[in-house]
Structure formats: C-alpha cells, structure tokens
Amino acid sequence: MTTSTSAITPVVATLRAEVAGPVLLPEDPGFATATVGFQTYGPHRPDVAVLATTTADVRAAVRVAADHDLPVAVLNSGHGVPPRYTGGLLVAIRDLAGVRVDPGRRVAWIEAGAPWSAVIEAAGAHGLAPLSGSTPHVGAVGYTLGGGLGLLAR
Ligand SMILES: Cc1cc2nc3c(=O)[nH]c(=O)nc-3n(C[C@H](O)[C@H](O)[C@H](O)COP(=O)(O)OP(=O)(O)OC[C@H]3O[C@@H](n4cnc5c(N)ncnc54)[C@H](O)[C@@H]3O)c2cc1C
C-alpha cells in the first residue's frame, strides 16, 4: 500500500538527513535503476528507495522506517521472485559488495550485497576457490542462506 505524500515527505526529509547514499522518490532520476533487479518483469513501486552505500545507511534507513511505521524491503541482485514491493521503503544493497578473505583460516567476510563473483575474485587472489553456485551475480548472502542453485547443487 502506498503512503500519502503528506506522510512520506517528513520521512524522506529525515532519511536525506541521516543516510549518506541516494534517497530516491519515484519521480527522481535513478529511482527506476535503484529499484529494478535482474528479473525485470514487474517493477517494484516503493514510496521511497535508499541506495545504501554503507552499513550505517542500512541501520539509519531501517530505524527511520520503523519510527514511521513504514514497511521495509531489501533488494540485492533481484534474481529472486519476491512479491512486487508496493509502498514503503526499499533498501537496495547492491553497492555493499565488499569481501575480505583470511587465507590462513580460509574464511571470507562478505558485505550484505556482495555477489558470489566478488567472493570468487577475492578468494582467487589468495589461490583459493570457493564452492560456487550456478550464477556468479546471485548474492553471496542468498547462496549462504540456501537460495539459488546453490553451492552443492551441482
Ligand atoms: C527466473 C529465475 C531464474 C533463476 N535462475 C537462477 C540460476 O540460474 N542460478 C541460481 O543460482 N539461482 C537462480 N535463481 C534463484 C535466485 O538465485 C534466488 O532467488 C536467490 O535467492 C537470489 O538472491 P539474491 O540475493 O541474489 O537476489 P534478491 O532477489 O535481491 O534477494 C532474494 C531475497 O533475499 C533477500 N535478501 C538478499 N540479500 C539480503 C540481505 N543481505 N539481507 C536481508 N535480506 C536479503 C531479499 O530481500 C529477497 O527477499 C533464479 C530465480 C528465478 C526467479
């Protein structure tokens, strides 16, 4: 359900004060790009979208949404088929794509929006190769939690 303009205006003002990344309304340039993922057959139509650039952006966006009783959705690669998000706040996390590898322990730390390709690349720099799902641009979090055609499926 979409939120009225009068209700969304103060939320957007607060988001723009607290979030470093772009805070986009449907009429803003960049909104369509921020809210679309790999599957393009039905656009999301949130009231407002945040293109998170840091984890602090995610924290701030979720806190502001909670303060205003605004539903929150998360979009990474958009490779899955979530419900079409209508109204509320959509947090796009694709720019949170950092990966750090400890080669001694063979452990990787991944940011929320890192695609599996980033894990392959970071591991490869240390001569390591992770088990991989079928599509490198699916989110590493998605694969790790059992989504996609996953790490052991093939
Ligand atoms: C037509 C079609 C074809 C497909 N083909 C393939 C394929 O060839 N190979 C394959 O491996 N998989 C395939 N998939 C499945 C897809 O990989 C999974 O749906 C996977 O879960 C997508 O994860 P994502 O994070 O990349 O995408 P998203 O669609 O962005 O996210 C999937 C769900 O996870 C949530 N989410 C993602 N990251 C986070 C996070 N950090 N924190 C909180 N929530 C998060 C999102 O909100 C969403 O609900 C296909 C799916 C469809 C519909």
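From the N terminus on, the elements of the chain follow the order α-β-α-β-α-β-β-β-β-α-α, a succession that comprises 5 helices and 6 strands. The model described here is a predicted one. Along its principal axes, the C-alpha trace of the chain spans about 55 × 30 × 25 Å. Of the 154 residues in the chain, 37% are buried, and the chain exposes about 8,400 Å², of which carbon and sulfur atoms supply 60%. Where contacts in the chain between residues at least 6 apart in sequence are considered, 55% of them join residues at least 24 apart. The chain carries 10 positive and 11 negative side chains, and the centres of these two sets lie 10 Å apart.

Four of the strands are arranged in an open sheet of mixed pairing, in which the strand order is β1-β2-β4-β3. The edges of this sheet are formed by β1 (23-24) and β3 (72-75), each of which pairs on one side only. In general, the strands of a sheet pair through backbone hydrogen bonds, and they do so in either a parallel or an antiparallel sense. Both senses can be followed from strand β2, which covers residues 48-51 and is joined to β1 by 2 bridges in the antiparallel sense, while its pairing with β4 is parallel and extends over 4 bridges. On the β1 side, Leu 24 stands opposite Ala 49 in β2, and Val 23 has Val 50 of β2 as its bridge partner. On the β4 side, Val 48 stands opposite Leu 89. Helix α3, formed by residues 55-67, lies across β2, β3 and β4 (89-92), and it runs at about 175° to β4.

Strand β2 is covered on both of its faces, since Val 48 and Val 50 on one side and Ala 49 and Leu 51 on the other are all buried. This arrangement may be read alongside a general feature of regular strands, whose side chains alternate between the two faces of the sheet. Val 50, which lies in strand β2, has a relative accessibility of 1% and therefore counts as buried, the limit for that class being under 20%. When residues up to four places away in sequence are left out, Val 50 touches Leu 15, Val 19, Pro 22, Val 23, Ala 61, Leu 89, Leu 90, Val 91 and Ala 92. Among these contacts, Val 23 is also the bridge partner of Val 50. The C-alpha atom of Val 50 is separated by 32 Å from that of Leu 131, a residue 81 places apart from Val 50 along the chain.

Outside the four-stranded sheet order of β1-β2-β4-β3, strand β5 (residues 99-102) and strand β6 (residues 107-110) pair in the antiparallel sense over 4 bridges. Within this pair, Arg 100 stands opposite Trp 109 in β6. The two strands form a hairpin with 4 residues between them, and the turn includes Arg 106. Arg 106, in the loop between β5 and β6, has a phi near 55°, a positive value in a residue other than glycine. The relative accessible area of Arg 106 is 64%, and this residue is therefore classed as exposed, a class that begins over 50%.

A positive phi is also found at Asp 69, where the angle is about 55° although the residue is not a glycine. As a general matter, most residues other than glycine have a negative phi. Asp 69 is placed in the loop between α3 and β3, and its relative accessible area of 71% means that it is exposed.

A further loop position is that of Thr 135, which is found between α4 (116-124) and α5 (140-144). In contrast to the exposed Asp 69, Thr 135 is buried, because its relative accessible area is 18% and the buried class extends to values under 20%. Thr 135 touches His 79 and Tyr 143, if residues up to four places away in sequence are not counted.

Definitions and conventions. Residues are numbered from 1 along each chain as its sequence is written. This is a predicted model: local features need pLDDT of at least 70, side-chain atom pairs count only at pLDDT 80 or more; totals for chains, interfaces and linings use all residues. Side-chain values use heavy atoms; hydrogens and water are left out. Buried means under 20% relative accessible area, exposed over 50%, partly exposed in between (1.4 Å probe, protein chains only). Contact means heavy atoms within 4.5 Å. Accessible areas come from the Shrake-Rupley method with a 1.4 Å probe; for residues, only the protein chains shown count as cover. Lys and Arg count as positive and Asp and Glu as negative; His and the chain ends are not counted. The place of a charge is taken as NZ of Lys, CZ of Arg, CG of Asp or CD of Glu. Two strands pair if DSSP finds at least two bridges between them. Axes are lines fitted to C-alpha atoms, for helices over the stretch in contact, and angles run from 0 to 180 degrees between N-to-C directions.
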